[in-house]
Amino acid sequence: MKSTVETLSATRVRLAIEVPFDELKPSLQKAYREIGSQVTIPGFRRGKVPQQVIDQRVGRVNILNEAVQDAIPTQIVAAVREHDVKTLGRPEVEITEFSDGEPLKFTAEVDVRPEIELPSPEEITVTVDAVDVSDEAIDEQVGNLRERFATLKTVERAAADGDYVQIDLSATVDGVEVEGGSATNVSHEVGSGKLLPGLDEVLVGMSASDSTTFETKLVGGDHAGEDATVAVTVRSVKEKQLPELDDEFAQLASEFDTLDELREDVKGRLLRVNRMEKLYSARDEALKALIAATAVPVPETVVKDEVDSRKDAMREQLEGAGASWSEYLEAQSKTEEEIEAELTESATEAVQVQLLLDTYADKQEIQVSDDEFGHEIVHRAQRAGVGPQQYYDQLVRSGAAGVIFGDVRRGKALAEILDKVVIEDTNGERLSLADLRGDDDHEGHDHGDHEGHDHD
């Protein structure tokens, strides 16, 4: 095999490959074996049909074509290794010359990883918001916990916003009861807007045993969108009662003895979340700064394949949810072209990040140990709900094990970059990864699995 490489752009090359006919013979023999095992010819056992008979029945041209299609991928791999080409995506192959007994000549255009000159991460400075938790944020979290321990008490008064009512509903259209349009003893929070439009407005001021009707548009079923008359009867009115914010509440809702300790724990958890948000922000800003500093060229075919993959995934998700692509566009108030532009922008950035991290990993000679690779396989297998060995076998069969390996290696490269970039907050304070991870924090817990009880 002889080959040459021609650079078409910073991200694309053309390989010209010539394969002597003798080097095609293994693929030719393979083609005869496979086709011979598939055809049935009277007088010959399956798999024992002579080549000349297969040529007469199937055609020598078809045998040669089968052999060529088998040989081309192997020859491309050999040429890529010979010229040390770092390929991306699928090659576009064109057979330029071939006939029986003569050399096979073809070209393969393929995207390649561009040469990138990376600045030192220490030269990159990113700024994030200062890590802070306000009293209002703590109050909100404690309030949410307090809501979970609320109780409902029956009251002898008219319903108001925030109350819970037990109601019966019955809908009719043009005087005819709607099939499936009746419900009894439904619990509903007045003012929540979770049921029919117009319901909350009529419930305010109604007491137990009161009945009334109102007009609304049905939101589901065969009569969705039609005007309907709905009769509503209130069975009971209940008032939500929140526990006092004191040490007793802290003991009920958490492992802490005092409200101050509970608030301090909430503050610690919010700080951890806040720091993690800043860590993600620092990661994103560092990558954007590196991309801007290196002007990473983008292989168009790789980006197009990524966009197509994302669109296919979106369509599958929509179909799974019983929605169509046109319905999605309408819900988003966007055109096909606008969605395409958004996907292209995000895919371009994703490809640039991948190229940047691969280049850094090569430059720093970052390796992935068997333990690191195995840990990632176990983690992904757990998420997929299958055994690690089964997951790994599937990866090997699909040829995707290298993708996982690359992801782990890029993750290590990113962690090393983040450890070297200069991270400052808006107050001018220098932050480290350890600061943002909160390595010295102690994890506290609340008893969040308690539910409120309904008392009459």
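In which helix does Ala79 lie? In this predicted model, Ala79 belongs to helix α3. That helix spans residues 60-82. Ala79 has 0% relative accessibility and therefore counts as buried, the cut-off being under 20%. Beyond its neighbours within four places in sequence, Ala79 is in contact with Met1, Ser3, Leu15 and Ile17. A distant pairing gives a sense of scale. Ala79 and Arg409 are 330 residues apart along the chain, and their C-alpha atoms are separated by 26 Å.

Ile54 was examined in the same way. Ile54 sits in helix α2, which covers residues 51-58. Its relative accessibility is 1%, so Ile54 is classed as buried. With residues up to four places away in sequence not counted, Ile54 touches Tyr32, Ile35, Gly36, Val49, Gly59 and Ile63. Ser369 lies 315 residues from Ile54 along the chain, and 50 Å separates the two C-alpha atoms.

The nonpolar cores were considered next. In soluble globular proteins, nonpolar side chains tend to be buried together. The largest nonpolar core of this model holds 40 residues. Leu356, Leu357, Ile417, Val421 and Ile423 have the most contacts inside that core. Two or more residues come from each of β5 (125-128), α7 (259-294), α8, α9 (325-332), α10, α13 and α14 (433-437). Helix α10 provides the largest share, 10 residues. A second core, separate from this one, has 30 residues. Leu28, Ala31, Val49 and Ala67 are among them.

Ile417 illustrates contacts in the largest core. Apart from residues up to four places away in sequence, Ile417 touches Pro121, Leu290, Leu356, Leu357 and Tyr360. Two of these partners, Leu356 and Leu357, are also listed with Ile417 as having the most contacts inside the core.

Helix α10 covers residues 336-363. It contains 28 residues and reaches 40 Å from its first C-alpha to its last. That span is close to the 40 Å expected at 1.5 Å a residue. Just after α10, Glu365 adopts a positive phi of about 55°.

Helix α10 also contributes to the largest pocket, supplying at least two residues of its lining. The volume of this pocket is about 1,100 Å³. It is lined by 33 residues, of which Thr87, Leu88, Gly89, Gln354 and Arg410 are the closest to its centre. At least two lining residues also come from each of α3, β3 (87-97), α8 (300-320) and α13 (401-420). Helix α13 gives the most, with 7 residues. By class, the lining comprises 15 nonpolar, 7 polar and 11 charged residues.

The second largest pocket has a volume of about 350 Å³. Its lining consists of 19 residues, and Val178, Gly180, Gly181, Leu218 and Gly220 are the closest to its centre. Strands β7 (164-173) and β8 (176-189) each supply at least two residues of this lining. The most come from β8, with 7 residues. Here the classes are 10 nonpolar, 7 polar and 2 charged residues.

Several elements recur across these results. Helix α3 contains the buried residue Ala79 and supplies at least two residues to the lining of the largest pocket. Helix α13 gives two or more residues to the largest nonpolar core and the most residues to the lining of the largest pocket. Helix α8 likewise appears in the core and in that lining.

Key
Residues numbered from 1 in each chain as written. Predicted model: local features only at pLDDT ≥ 70, side-chain atom pairs only at ≥ 80, totals over all residues. Heavy atoms only, no water. 1 Å grid on protein atoms, 1.4 Å probe; cavity = no way out; pocket = protein on both sides within 12 Å on 5 of 7 lines; lining within 4 Å. Points joined across faces, edges and corners; volume = space filled by probe spheres on them. Helix = DSSP H or I, 4+ residues; strand = E, 2+ residues; numbered from the N terminus. Nonpolar A, V, L, I, M, F, W, Y, C, P; charged D, E, K, R; others polar. Expected span 1.5 Å × (residues − 1). Core = buried A, V, L, I, M, F, W, Y, C linked by side-chain atoms within 4.5 Å. Buried < 20%, exposed > 50% of the residue type's maximum accessible area, 1.4 Å probe, protein only. Contact = heavy atoms within 4.5 Å.
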